[in-house]
Amino acid sequence: MDLNQLFEIQKKLVPDLVEKMYRRFQILTAIETFQPIGRRALSESVSLSERILRTETELLKSQGLILITSKGMSVTDSGVEVIEEMKASMNSLTRLEHIARAIESRYSIRKVIVVSGDSDIEDETKVRMGQATSEYLESCFEDGMNMTVTGGSTMAYVARAMRPTDKEITFIPARGGLGEEVSYQANAITHLMADQTGGKFEVLYVPDQLSEAGYNALLKEPSVMRVLQHIKSAQIVLHGIGAAYTMAKRRNTSEDVLLQLDEGDAVAEAFGYYFDADGNIIHRVNTIGIHLEDLTEDKDIIAVAGGTSKKEAIASYLKIAPKHTVLVTDSVVGEWLIN
């Protein structure tokens, strides 16, 4: 088990442990750099109030890590040893935070959460992405909410990571089924999420792509109309981002459309839309469910995707993603996005 995995486990057992550890490490390293340093100057250096800093420095003093004298604060030999032992792990945590903030700035989206690894080659990374998404969702849940969810293997990892909640949440498939493994279809994902959380779920039994006539006919079906209303009024939208050709093959897409995607240099798919590297729409599938225009500002929009094979797709989608989007990804994608 590497240090990042250990921190992920610690965060679950003691949610504020890593935050406190990082804060105390910052204080220690600042004291080491500027010693002897007074409390006011240290407060400005680490951007903490003097009240919080007083509590933290008293704790560090009681542990024998710093000395407090009339000249200011300085680090003891034991404190220096702790700094050296913690540098590698703290630098790793800092790196992930730096990547997340850089992506937020570059693509002007609300929030980015980055976990370590490459989800293409490590199941543990998919698990960490699922756990991080589940934790973020818990912070969004309110009693009586509807949440709409797309399908895919990434969504299955999120569903498995979800925990019981005392909030009554209804999970609704964001669109019909794909020609893929049943457990990865949106209907199955919503069922699993309801089981995991103690919530409710609805189903949408329609094909993922339809002819124009079939699409218009199904839109008039009362059962479909009812679910569609719930999808469009959902307060939370959880979705994946796919590589264009991978998704096209899963849909058994016609040769004409495949040629259109090839000529348009499509790299990404989301909500039935195919995009090129600049985020331009190359093709749209006739699909019953949520569409880009439904991603209004009153909704929490959470995109979850990672892995080397999806880096171009994720970059493409982020160019047109709603500004209130939250992205959960892995470090191999995160580093590629900022470099």
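User: What gives the most to the lining of the largest cavity?

Analyst: That's α6, with three residues. Quick caveat before we go on: this is a predicted model, where local features need pLDDT of at least 70, side-chain atom pairs count only at pLDDT 80 or more, and totals for chains, interfaces and linings use all residues. Numbering runs from 1 along each chain as its sequence is written, and side-chain values use heavy atoms, with hydrogens and water left out.

User: What makes a space a cavity, and what makes it a pocket?

Analyst: Both come from a 1 Å grid over the protein atoms alone: in a cavity a 1.4 Å probe fits but cannot get out, while a pocket is an open set of points with protein on both sides within 12 Å along at least five of seven lines. Lining residues have an atom within 4 Å of a point. For volumes, grid points are joined across faces, edges and corners, and the volume is the space filled by probe spheres set on the points. The structure holds one cavity of 30 Å³ or more, and the largest cavity has about 40 Å³ of space. Its lining is made up of Ser134, Leu137, Glu138, Phe141, Met162, Arg163, Thr165 and Thr197.

User: Which residues are closest to the centre of the second largest pocket?

Analyst: The volume of the second largest pocket is about 500 Å³. It has 31 lining residues, and Gly152, Ser153, Thr154, Arg250 and Lys310 are the closest to the centre. The largest share of that lining is four residues from α7. At least two residues each come from α6 (123–140), α7, β8 (242–243), α11 (244–250) and β9 (266–270).

User: How do you know what counts as a helix or a strand?

Analyst: They're DSSP runs, numbered from the N terminus: H or I over at least four residues for a helix, E over at least two for a strand. The protein chain comes to 14 helices and 13 strands.

User: How do you know that the span of helix α8 agrees with what it should be?

Analyst: The expected span is 1.5 Å times one less than the number of residues. Helix α8 has twelve residues (186–197), so it should span 16 Å, and its end C-alpha atoms are 16 Å apart, which agrees. Glycine 198 follows α8, with a positive phi near 85 degrees.

User: Why is threonine 190 counted as buried or exposed?

Analyst: Buried means under 20% relative accessible area, exposed over 50%, and partly exposed in between (1.4 Å probe, protein chains only). Threonine 190 has 0% relative accessibility, so it counts as buried. This residue lies in α8, and it touches Val149, Phe171, Ile172, Pro173, Phe201 and Glu202, leaving aside residues up to four places away in sequence; contact means heavy atoms within 4.5 Å.

User: And why is lysine 87 put in its class of accessible area?

Analyst: Lysine 87 has a relative accessible area of 34%, so it is partly exposed. Lysine 87 sits in helix α5 (residues 77–107).

User: What makes the buried residues of α8 line one face of the helix?

Analyst: The buried ones are Ala186, Asn187, Ile189, Thr190, Met193, Ala194 and Thr197. Seen down the axis, they fall within an arc of 165 degrees, so they line one face; the arc is that of the directions from the helix axis to the C-beta atoms. Their cover includes β4 (146–149), α7 (153–161), β5 (170–173), β6 (200–201) and β7 (236–239).

User: How do you know that β12 and β13 pair, and which way do they run?

Analyst: Two strands pair if DSSP finds at least two bridges between them. Four bridges join β12 (residues 300–304) to β13 (residues 325–330), and the two run parallel. One of the partners is valine 328 in β13, bridged to valine 304. Both strands belong to an open sheet of seven, in the order β3-β13-β12-β7-β4-β5-β6, with parallel pairing.

User: What makes β3 and β6 edge strands?

Analyst: β3 (111–115) and β6 each pair on one side only.

User: Which way do β1 and β2 run, and how many bridges join them?

Analyst: They run antiparallel, with four bridges between β1 (residues 66–69) and β2 (residues 72–75). The two form a hairpin with two residues between them, and threonine 69 has glycine 72 in β2 as its bridge partner.
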